[in-house]
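Trainee: I've got this model open and I'm not sure where to start. Could we go through it together?

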Amino acid sequence: MEEYVYVDGKKYKRGYTTGSCAAAATKAALAMLLLKNTLDTIEISTPKGIDLKMAVDNVQIGEDYAVCSVKKDGGDDIDATHEMDIFSKVEIISEENIPQFCAAKKLDYMEVTSAKGIGKVTKKGLSVEVGRPAINPIPLDMISYEVEKVVEDADIDIEEFLKGKKLLVTIYAPEGEKIAKNTFNSNLGIEGGISIIGSSGIVEPMSDEGWKKALSAELSIKREEGKKEIILVPGNIGYEKMVNIFQTDPNSIVKMSNFIGYMLMECKRMKFKKITIAGHIGKLIKLSAGISNTHSRIADARVEIMIANLALMGASKEMLIKIESCLTTDAMVDIIKEYKMEAVFDILAQKAANRAWKYLRDGKEDIGIEVYMFSMCGELLGQGSKNI
């Protein structure tokens with residue numbers, strides 16, 4: 001693997017996913033079961049086309065089973081699962097002893113299940129059926145592919161070798177239940193542990209793709225539950241105020257972080273009929289100017305946007321100079337109140353609603369948009385709507 005990538009001129013170390021760890025541990029365990037030899041490393045292929053050579057730990061080899069683990073490495077994009085041990089136990093087992101809830105079958109002679117620390121899916125809307133282990137389809141494909149490679153390299157007739165029995169692969173992570181509390185899993189209806197995930201097998205540093213996919217999955221679950229209206233909030237301020245002031249059902253709210261444009265298009269794809277956007281003015285003022293990713297590294301024009309709108313309202317040069325000196329939008333709020341120009345907040349909220357609706361492009365005619373802007377202390381400053 002090319003160990004490093006460059007993002008915005010900085011050098012970052014790549015990592016690999018829990019799916020790659022599960023596939024590698026399974027390949028090593030099966031190889032050791034067939035050969036009865038201990039392995040220190042194992043090499044796997046990934047969907048990204050990059051081969052990984054990974055260390056093998058915690059080896060146990062028995063007559064009809066083998067166990068080992070591979071340590072998760074997030075590279076420079078560290079998350080809650082970084083450095084946790086992902087185990088795989090591969091055993092030869094009679095069909096009547098196969099657990100009830102296994103992953104979707106990929107090979108006739110193999111079943112994949114989970115044990116301690118790997119979650120179970122409890123809600124519809126994910127790529128895994130309710131009741132099955134939280135092992136996503138691509139990692140499951142990776143596991144199956146590596147098992148087939150081991151069988152091919154060993155040059156054995158696997159059906160004859162098993163003599164009517166099957167291979168049972170059990171993925172587990174002793175620390176998984178504790179670590180899962182620091183992930184999105186509870187929002188996604190995954191209970192009891194972490195997920196085995198990864199669409200490419202590689203963790204690309206400074207990438208938002210995994211985060212976006214988790215948000216899409218959360219939206220999908222809410223749509224499967226029959227919800228036609230959704231509330232998107234950048235963070236805690238919007239969440240708390242919609243629950244506490246407007247008595248909104250928390251299960252109708254998704255924390256979208258900075259990904260306004262992405263989440264708007266996902267809501268459209270999933271055919272939500274009304275989208276409410278609620279949050280701090282520092283985020284939503286950017287939307288009023290057509291900025292669809294509100295991360296300050298990507299776009300920070302809060303002062304310029306505010307000055308432009310106040311100037312159109314006839315604000316004095318003295319006031320605009322004061323606004324220009326502000327480091328935060330909350331500091332601007334105090335000045336705006338001092339000069340009695342609070343009408344700008346409704347103007348900004350309405351422009352944000354207009355921009356959000358326009359961003360949806362074709363096929364948006366049946367979708368309504370509502371926007372609520374709050375201050376840091378939770379005061380409702382302005383609101384706007386489009387197509388409601």
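Mentor: Sure, here are a few questions about the domains, one residue in a strand and one in a loop; keep in mind that the model is predicted.

Trainee: How far apart do the C-alpha centres of domain 1 and domain 2 lie?

Mentor: Start with how the chain is divided: domain 1 covers 4-203 and domain 2 covers 208-386. In the contact, domain 1 takes part with 10 residues and domain 2 with 11 residues. Together they bury about 860 Å², with 59% of that on carbon and sulfur atoms. As for the C-alpha centres of domain 1 and domain 2, the distance is 40 Å.

Trainee: How many salt bridges are there between domain 1 and domain 2?

Mentor: A salt bridge needs a side-chain nitrogen of Lys or Arg within 4 Å of a carboxyl oxygen of Asp or Glu. E225 and K123 form one, with their closest N and O atoms 3.7 Å apart. The count between domain 1 and domain 2 is one.

Trainee: Is L232 buried or exposed?

Mentor: You'll find L232 in strand 16, residues 229-233. Leaving out residues up to four places away in sequence, L232 touches several others, including V254, M263 and I277. Buried means under 20% relative accessible area. L232 has 0%, so the word is buried.

Trainee: Which residues form a nonpolar patch on the surface with F246?

Mentor: F246 sits in the loop between helix 6 (236-244) and strand 17 (253-255). Its relative accessible area is 31%, so F246 is partly exposed. The patch has about 230 Å² of accessible area together, and F246's partners there are I245 and L380.

Conventions:
Residues are numbered from 1 along each chain as its sequence is written. This is a predicted model: local features need pLDDT of at least 70, side-chain atom pairs count only at pLDDT 80 or more; totals for chains, interfaces and linings use all residues. Side-chain values use heavy atoms; hydrogens and water are left out. Patches are made of residues with over 30% relative accessible area and no salt bridge: like charges are joined within 9 Å, nonpolar side chains (Val, Leu, Ile, Met, Phe, Trp, Tyr) within 5 Å. Accessible areas come from the Shrake-Rupley method with a 1.4 Å probe; for residues, only the protein chains shown count as cover. Helices (H or I, at least four residues) and strands (E, at least two) are DSSP runs, numbered from the N terminus. Buried means under 20% relative accessible area, exposed over 50%, partly exposed in between (1.4 Å probe, protein chains only). Domain bounds come from an automatic or database domain assignment. Contact means heavy atoms within 4.5 Å. Buried area is the accessible area (1.4 Å probe) that two parts lose on being put together, summed over both.
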